[in-house]
Amino acid sequence: SSDLGAGIAPTFPIGVSVVMALVSIAAGPSAVFFVAPIMGVVTLLVVYGLAREWFDDATALLATALVAWNPLVIAYAKQPMSDIPATMWVVLALWLAIRSSDRTAWVSGLAAGAAMITRPALLVAAAVIPLTAHRGESPKRRVVMSGAGLAIGVVIQMLIQYRLFGSP
């Protein structure tokens with residue numbers, strides 16, 4: 001049998017392509033090249049917020065500097081690739097999960113789902129996010145809300161896989 005390159009494994013995940021398409025519609029075709037740098041800046045802001053939440057301002061600045069000076073972050077924040085967007089979604093999901101409101105729990109799950117759609121291998125990391133949301137006045141409800149947000153991303157990824165490759 002001849003293999004025409006068809007299969008159920010995608011050549012690349014669709015998450016970044018969707019973000020780039022939305023940015024292209026909103027700001028023109030050249031704007032797609034700003035997606036990774038903007039998501040890189042958002043990653044740094046969220047790393048700062050996350051480290052500040054757990055520690056103090058000095059530690060947050062150090063953590064942000066370490067991420068900003070990482071050669072891979074510097075290289076990939078300049079390229080239209082999924083590395084920085086996936087990182088941003090995971091760090092954003094974690095930061096939102098440690099907040100205290102039900103809304104942030106829900107959005108943390110959505111961000112974890114977006115990370116998984118951007119990089120399907122991040123499903124394991126994304127699955128930890130609802131467990132991290134177990135805090136605040138109603139920890140069990142926050143876990144369920146975060147899990148529901150993540151489930152939306154999982155279902156979307158399964159539908160994409162089904163549509164493109166015939167199998168979730």
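Is Leu 164 buried or exposed in this structure, and what is its relative accessible area? Leu 164 turns out to be exposed, at 53%, on a scale where buried means under 20% relative accessible area, exposed means over 50% and partly exposed lies in between (1.4 Å probe, protein chains only). This residue sits in helix α8; helices here are DSSP runs of H or I with at least four residues, and strands are runs of E with at least two, numbered from the N terminus. From Leu 164 to Val 42 it is 31 Å, C-alpha to C-alpha, with their places 122 residues apart in sequence.

A word on the ground rules. The model is a predicted one, in which local features need pLDDT of at least 70 and side-chain atom pairs count only at pLDDT 80 or more, while totals for chains, interfaces and linings use all residues. Residues are numbered from 1 along each chain as its sequence is written, and side-chain values use heavy atoms, with hydrogens and water left out.

On to the inside of the protein. In soluble globular proteins, nonpolar side chains tend to be buried together. A nonpolar core is taken here as a set of buried Ala, Val, Leu, Ile, Met, Phe, Trp, Tyr and Cys residues joined through side-chain atoms within 4.5 Å. The largest one has 27 residues, and Met 39, Trp 89, Leu 92 and Ala 112 have the most contacts inside it. Two or more residues come from each of α1 (15-27), α2 (35-54), α5, α6 and α7, with α5 giving the most, eight residues.

Trp 89 gives a good view of who meets whom. Contact means heavy atoms within 4.5 Å, and, neighbours within four places in sequence aside, Trp 89 is in contact with Met 39, Ala 111, Ala 114, Ala 115 and Thr 118. Thr 118 belongs to helix α6 and counts as buried, at 2% relative accessibility. With the neighbours within four places again left aside, Thr 118 is in contact with Pro 13, Gly 15, Val 16, Ser 82, Pro 85, Ala 86 and Trp 89.

Helix α7 (residues 123-132) has a clear inside and outside. Its buried residues are Ala 126, Ile 129, Pro 130 and Thr 132. Looking down the axis of α7, these residues fall within an arc of 160°, so they line one face of the helix; the arc is that of the directions from the helix axis to the C-beta atoms. They pack against α5 (83-97), α6 (102-118) and α8 (139-165). The face turned away from the buried side carries Val 124 and Leu 131, which are exposed.

Part of that packing shows up at Ser 146, which is in helix α8. Ser 146 is buried, with a relative accessible area of 0%. Apart from neighbours within four places in sequence, its contacts include Ile 129 and Pro 130, along with Ala 105, Trp 106, Ser 108, Gly 109 and Ala 133.

Out on the surface, Trp 106, Val 107, Leu 110, Ile 152 and Ile 156 make a nonpolar patch of about 350 Å². Patches are made of residues with over 30% relative accessible area and no salt bridge, like charges being joined within 9 Å and nonpolar side chains (Val, Leu, Ile, Met, Phe, Trp, Tyr) within 5 Å. Accessible areas come from the Shrake-Rupley method with a 1.4 Å probe, and for residues only the protein chains shown count as cover. Helices α6 and α8 each supply at least two residues of the patch, and α6 has the largest share, three. Ile 152, in helix α8, is partly exposed at 36% relative accessibility.

That leaves the charged pairs. Side chains of opposite charge can pair when their charged atoms come close. The whole structure holds four salt bridges, each a side-chain nitrogen of Lys or Arg within 4 Å of a carboxyl oxygen of Asp or Glu. One of them joins Glu 53 and Arg 99, at 2.6 Å, N to O. Glu 53 is in helix α2 and Arg 99 in the loop between α5 and α6, so the pair ties together parts 46 residues apart in sequence. Glu 53 is partly exposed at 42%, and Arg 99 is partly exposed at 28%.

Another salt bridge pairs Asp 83 with Arg 119, the closest N and O atoms being 2.8 Å apart. It links helix α5, home of Asp 83, to the loop between α6 and α7, where Arg 119 is found 36 residues away in sequence. Asp 83 is buried at 18%, whereas Arg 119 is partly exposed at 31%.
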